[in-house]
Every structure is written in C-alpha cells, then in structure tokens.
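The exercises below are meant to be worked with the sequence and the coordinates side by side. Try each task before reading its solution.

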Amino acid sequence: MALFEIAEPGAAPLPHVRRRAIGIDLGTTHSLVATVRNGPAVVLPDAEGRPLVPSIVRYAPAGVEVGYAAMAHQATDAGNTIVSVKRLMGRGLADLADARRFPYRFVDSPGMLRIDTRAGVKSPVEVSAEILRALRERAELALGGPVEGAVVTVPAYFDDAQRQATKAAAALAGLPVLRLLNEPTAAALAYGLDNASEGVYAVYDLGGGTFDISILRLTRGVFEVLSTNGDPALGGDDFDHRVMCWIIETAALPPLTPADARRLLIASREAKEMLTGHDAAPIVATLSSGDAVNVMLTKDLFTEITRTLVQKTLQPVRRALRDAGLVVGDIKGVVLVGGATRMPQVRRAVGELFGQPPLLNLNPDEVVALGAAVQANKLAGNRDRDDDWLLLDVVPLSLGLETMGGLTEKIIPRNSTIPVARMQEFTTFKDGQSAMAIHVLQGEREKVADCRSLARFELRGIPPLTAGAARIAVTFAVDADGVLDVTARESTTGVEAAVTVKPSFGLSDGEIARMLRDSFAHAADDMTARALAEAQVDADRMLAATDAALAQDADLLHGDERAAIDAALADVRIARGGEDRARLAAAIEALNRGTEAFAGRRMDRGVARALTGRRLDAVLEERR
Amino acid sequence: MLDFNRNHFELFALPLRFAIDTHALEAAYRALQGEVHPDRHAGGTPADQRAALQASALVNEAYRTLRSPASRAEYLLSLHGIDARIETDTALPLDFLERQLERREAAADAAAARDAPALESALADVRAESRALESRLAALLDGAADPALARTPVRELRFLVKAAEDLAALEAVLDEPVDG
C-alpha cells in the first residue's frame, strides 16, 4: 500500500519528509529513547554521550530533577527522590508486598497510591511523566523538532491498570503515543530483524523491577507471540535488596534510617554489578551514625542468597511453555533482555532450563528501546528497507466478570491474540429487575478476591421483564495496545441501554485534564496554541489519508457518496486555514463520520485482496 | 462495514470441511492480518483505524475457532443450524461419562501422590481418545452423513478438551515448589 506516496494534485509531493518518531523504554531503573534516522535504530544519548537516563525523579527545592541529577541526591533526600516508580504504577498501597521498603510518605487513595513530596502529593503517573518528558526533550533536541509519534514499552505481564497508567503518563508528558508495545516483543523484533530469524524463540526479560517471559514464533516477517507470563514485581532491585538484607544480618546493624537504607542499597547494587566480572566484591559504607560497614561478598555466596529469586523466574517460563503447547526442545533460541540478565547465575539457570546457552549478541539494556524505535518508525509511516513485518501480540492475563457466589467468569482467556472482542450474554435473576451490576476483573484465579478489580459499573434502564427474560450482552474488547474496553447492552425489547467504561486506575479523566492544565498553568496561551496545532496535525493526517484512500478505492463510492466526502474534505481544508480549533475539530469529525462506510468497504476489499491478489503466491508457497 | 456474513471458512478461503490443511489456515491467517491489522492502518483516519480493529479482531476470532478441532466442529454444526455447545446441553452417553469419571478419580489420586508420570499418561490417554473422535468426526462431517449424527461426538470432544486442560492444570501444580 503506497499510502503516502500519492500526493494531492497541485500540492508539492513530500514523500521523503521523515516524521519524527521515537521508541521509549520506560524502565524501572533506567530509561532510554531511540529513533530510526537512516538505517538501523540508534539510541539517543545525552550531551555527555550517556545513553541511559536513570529512572529517578527528585522534587528538589528549586524544581524537578530527572536522571543523573536526581540520582546524586537519592540517599541525602530519599523522601523526595523517587526511584523505581514503575513498581508503583497502577498499584494501591495494599498491593505493595512491603511498603516499608520504600522511604516515601505514601498516601493511599482509591485505585492508585500517591506520594507526599516537597512539591505536593504526586501520583506515580505524574512521576513517570517527568521521566518521559525528559526523554521527549532529549529526542526533540536531537531530531530538531517536536516528536510526532512515540511507541512506549511496557512489561508484557503488565495488567490493564498498569497499561492505562503508562498511557496517561505519556499523555501528561505531551507524547503522541502510537502504540504501547510489550518489552519482550520489542526485543524480539530488534533481534529477529537483525538476524533474519525463523522459528520459535523465547525472550527472557529480567529488568530492574519486572520479569517477563514471552514465547514467539517468527515466520516470514510475522512475529507471533504464542504465550507470555511473568512477575510484575520481580527484578534486579530484588537482588539488591537481598544483598542489603544479608549485609544487615552479617554486620548486625540496628534498624536503618531511610537515607542509610538507600546508601546500603546503592552499595549492594554496585557489589552485584561487580560480581558479574569478579569473584568477590567489597562492600564499604559509612552510616549516618558514623558506624562503618565493611564486608566482603563472594560470587558463590551471592548466588546462594539469590537462588530463590532466580528460581522464581523459572516457574513462569514453564507456564509459558505449557500455554504455548511446547517443550524446551521446540525452542530454537533464547534471547536475554534486561540488565539483570548479566548476572552469571541467571544466565546459567536459563541455559540449564532450556538446554542451550542463551544468545548474547545484543545489548540487553538497549534492545527494547531499539525495537520500539523500529515500530514507531513504521507506525509513523516512514518507509524503509524490508519493513514488511508484523507483530501479533497477546493479552497476558485473563479478563472476566464477577458472577454469583464471588466467582469469576472468564470472557477473554490469557494469551488470546489482540485485538480481540468477545461477547457473552447474561440475564436477570429477579422479576422486574431494572439494573445489573457489572464487575470487571483480570487474573487467573477463580475467586473474585484473588483477581484484580478493574472496574465496576451498573447497567440501568433494563425494561421490567420476568426473571431470565432480559438478554444483556456484555462485550469485552482489547485493542492493539492491550487496553480493555467493556460495553453492556440490553436488547430484548429494542429499548437499548448501553454503557462503555474504560476501567479506572485511580485517576479520573478530570484529574488527568487538571494535571495537563497544571503543566501549562504558567502559560494559558500555550495550551490553546497547542490544542490548535494538534487539531491541525490531525487535519493534515485526515486529508492525506482520505485523499490516498480516494485515489486507490474511489470506485467503491456512488456518485452522491463521493460528493458528500468531497464536500466534507473541502470543509476541513477551509477550517484548516483558520484559527478556530472548535470549528476545525467539528469539520474533522464530520469528515470522519462521512468516511466510515467507505473505510469498512475498503477493509473488506483488503480482505479479499489478501487471499487472491499478490499475496496468494506467498500463501501457496508456504503451503508446500 | 466489513462483510460479517462471510463464514470463517470463506474468510480464509478454505473448503467447508472438518479436515483442514492447518498450514494453509496459518498462511491465510498471516496474509489476512498483514492486510487488516491496526498496525497496517496507523496512518489512516479514525474510521480506518476502527475498521482495522474490528476486522483484525474478527480474523483472530475466526482463526481461534478454526484452529481447534472442537471449536471447528462446533462451528461447522452451527452453520448447519445445530447447536452442539456442551454448555446448553450437558447430557452425554453413560459409558463415555463413566470412563471420564474413572479417569478423573485416577488423576486426582495421581496429583495427591505427586505422581507426574501417571498424570502425563492420563493426558496422553485423553489426547489419544480425542484423536479417535476427530477421525470419526471427519468421516461424519465431511462425508454424506447427516451432520446431526456428529452432535454427540462433538460434545464428547469438547468434554475431552476441558479434561485435558484440567489435567494440565494438575501437572502445573506439581511443577511448583510444595511451599509455593
């Protein structure tokens, strides 16, 4: 489909204008931004040439610091310096196994906890947005203009609340998100394209605070995720913590202040990193009491005290294999992702489980951002060499509803390929029942209490009927970002009651709007100008896409249908020239509504073409 | 609007039969997603993107249905106007049920004894019985027989799919440490 090579008659052709697209790996301990300029994806470093941004945000007296500047104060200003905020995304206080491990003043609030800082109470979404903003600014400096599209990665095992929180953070940071991409899938893309791989691969991704395992089948440019599993609260951080506990025990230390705990944690991390290349690491620190800590950690002891953590990653691997219907012998290669996979005991355990040494020919810190950049480049419409590939991902955890007796009924089972939509019918159990409560859940367990509650809503206005007569259709739809949308509809009597909810993660749309407003509070004009600029970008995209569609498929329209679309196009062009955002938005919406039937017919033609036209050769060849 | 009247076999350009060429199904699936997946329409209008989302979800659903022999058989019967879903009618032949009950009891004992090989052999049994049913179904559904005759074996096959899932879940528990 040469969508963007068809220029509007009379307009200058702009086929080689590259849209500024970036891939962001928003990690627990550090984050990266990458892009495709010409050729392979590259990580964008800072002015000092450092590729990583520590995922640390400090609310300093003079303002917000991000990255290395914040890192310098993580021990001295621990309460206002937020590290590993990714672990808090979409989580309530009750979700944290050990809230005391964190030196923050937590404020519990429905859905997602908050942190009380010097700069006020902050949601993890706002903290993450500071990191994303820093990455966006780095990219804009390097690319010479505003970012037009971003792919942000999330752990494959992130649930709906965590995905929605990540999307909200990106919106707050002013990033136009093209797609949320699962981290192991991004890594597989970077690896597979580099090595022209075919066959079934496992991606073992042990990051700073999350663990994912994904099993993918690579066939002729299609990256099909067969299954995924993981632990959203297990990563390199936990190895540091294990070392710290060992120090406290060995040196018989009294209870630590938050600053001392942070200091020891940093020393633990340094020792962990040193043990990758050495047989022993000295741990030396001075506590605020003046007491000195001076111990030696050997590689063998480190392996011993972290054995259970490594074992904890192997269960999800076995589950993922079982869900994919495969045995270890089916796996052609194991790709390691995440800085924590540098630990020799991790590599050894993975190698033993799969019966083959893992593949080491890529940088485990950078591969996720690189894969995200490649996808961003493609989704933004930049065409490059051999870009005829496709990602087919899955939903990591089952989605369902609460039914009688506090049990869950699964509507979409885990590892269903996305996008997916599934409908299930329910009925009333009382005569004249006019409302039905719907409780949306995510998880594998049978009891409601053991699953994550994503949303509760009520379908009202059900016409009074005898018990069991009403038919309520509940539809679950998961889009290509892995984000859920639920609709309920009663249709027996033709009187339709419908409601659609985005499961909440503790931030209402109003709250997000307020945060966005606040971030522009100093310049109200900025906000207006930005809104107009965004609508204009939308308009240009709509005009280009509609023109291209007409050039290709105008024969699908009757004369008067074509005239209506032309009129709507002309109206967008007129509004595009003015300054009235509301008028432009209305014109865009009218064009969009006016082309809906056309879009459906074009999709249908695509379906027919896929099996009859130029692709048939490939189909037949594969059949052989 | 996408043509939702096309049945799943037509969608993948496959003959309307129970016995299918799975390689052809997979290749057609990849070709279709290559055309309709939302990633292919990221530069389109919101209407294009919505159409892509719907079409891609439909292709996924159709693929899921045809890939599994039990759901493929149920779907074929539904095209003949026969509801073979076990949820709507749980009655099954007595000898079949007796065999399954015995197997389930044996599996529960094996799980309690943490006897993984016994569970594995029970699973192999279920798979063998499933394959036998699939051959019978191919003869019934793809031959000249009345499709209604396939209703009971289809429901038996669905029962076996659930039994295999239950056995796999028991095995999964054995994988995990006793204290975990």
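Helices, here, are DSSP runs of H or I with at least four residues, and strands are DSSP runs of E with at least two, both numbered from the N terminus. The model is a predicted one, with an ipTM of 0.90 and a pTM of 0.87.

**Exercise 1. Describe the overall make-up of chain A: how many helices and strands does it have, and what percentage of its residues count as buried?**

Solution. Counting the runs first, chain A holds 16 helices and 27 strands. Turning next to burial, 44% of the 624 residues of chain A count as buried. As a last step, take the contacts in chain A between residues at least 6 apart in sequence: 69% of these join residues at least 24 apart.

**Exercise 2. Place strand S11 of chain A in its surroundings: is S11(A) mostly covered or uncovered, and which strands pair with it?**

Solution. Strand S11 of chain A runs over residues 149–154, and with 6 of its 6 residues buried it is mostly covered. Sorting the side chains by direction, A:Gly149, A:Val151 and A:Thr153 point one way, A:Ala150, A:Val152 and A:Val154 point the other way, and all are buried.

For the pairing, begin with strand S1 (residues 21–25) of chain A, which is joined to S11(A) in the parallel sense over 5 bridges; in this pair A:Ala21 stands opposite A:Gly149. Strand S12 (residues 177–182) of chain A also pairs with S11(A) in the parallel sense, over 5 bridges, and here A:Ala150 stands opposite A:Val177. Finally, follow the chain from S11(A) through helix H3 (residues 160–172) of chain A to S12(A): together the three make a right-handed β-α-β unit.

**Exercise 3. Check the length of helix H5 of chain A against the expected rise per residue, and state what covers its buried residues.**

Solution. Helix H5 of chain A has 15 residues (236–250), so at 1.5 Å a residue it should span 21 Å, and the 21 Å between its end C-alpha atoms agrees with this. The buried residues of H5(A) are A:Gly236, A:Asp237, A:Asp238, A:Phe239, A:Asp240, A:Val243, A:Met244 and A:Trp246. Their cover includes strands S13 (199–206) and S17 (292–298) of chain A, as well as helices H6 (258–274), H7 (299–305) and H8 (307–324) of chain A. Just after H5(A), A:Ala252 takes a positive phi of about 50°.

**Exercise 4. Decide why A:Gly67 counts as buried, and say which residues it touches.**

Solution. A:Gly67 is found in the loop between strand S6 (63–66) and helix H1 (68–71) of chain A. The cut-off for a buried residue is 20 or more other C-beta atoms within 10 Å, and A:Gly67 is buried because it has 23 of them within that distance. Leaving out residues up to four places away in sequence, A:Gly67 touches A:Val53, A:Pro54, A:Ile56 and A:Ala134. A:Ile131 is 64 residues from A:Gly67 in sequence, yet their C-alpha atoms are 7.7 Å apart in space.

**Exercise 5. Characterise the contact between the chains from the side of chain B: which element gives the most residues?**

Solution. The contact takes 41 residues from chain A and 37 residues from chain B. On the side of chain B, helix H2 (22–36), helix H3 (46–67) and helix H7 (151–175) are the elements that give two or more residues, and H2(B) gives the most, with 11 residues. By class, this side of chain B divides into 20 nonpolar, 9 polar and 8 charged residues. As to confidence, the mean pLDDT of chain B is 88, and 95% of its residues reach 70 or more.

Note on methods
Residues numbered from 1 in each chain as written. Chains lettered and ligands numbered in written order. Predicted model: local features only at pLDDT ≥ 70, side-chain atom pairs only at ≥ 80, totals over all residues. Contact = placed C-beta atoms within 7 Å. Nonpolar A, V, L, I, M, F, W, Y, C, P; charged D, E, K, R; others polar. Buried ≥ 20, exposed ≤ 12 C-beta atoms within 10 Å, placed from the backbone. Pairing = 2+ DSSP bridges. Right-handed = clockwise from strand over helix to strand, strands pointing away. Expected span 1.5 Å × (residues − 1). pLDDT = per-residue confidence, 0-100.
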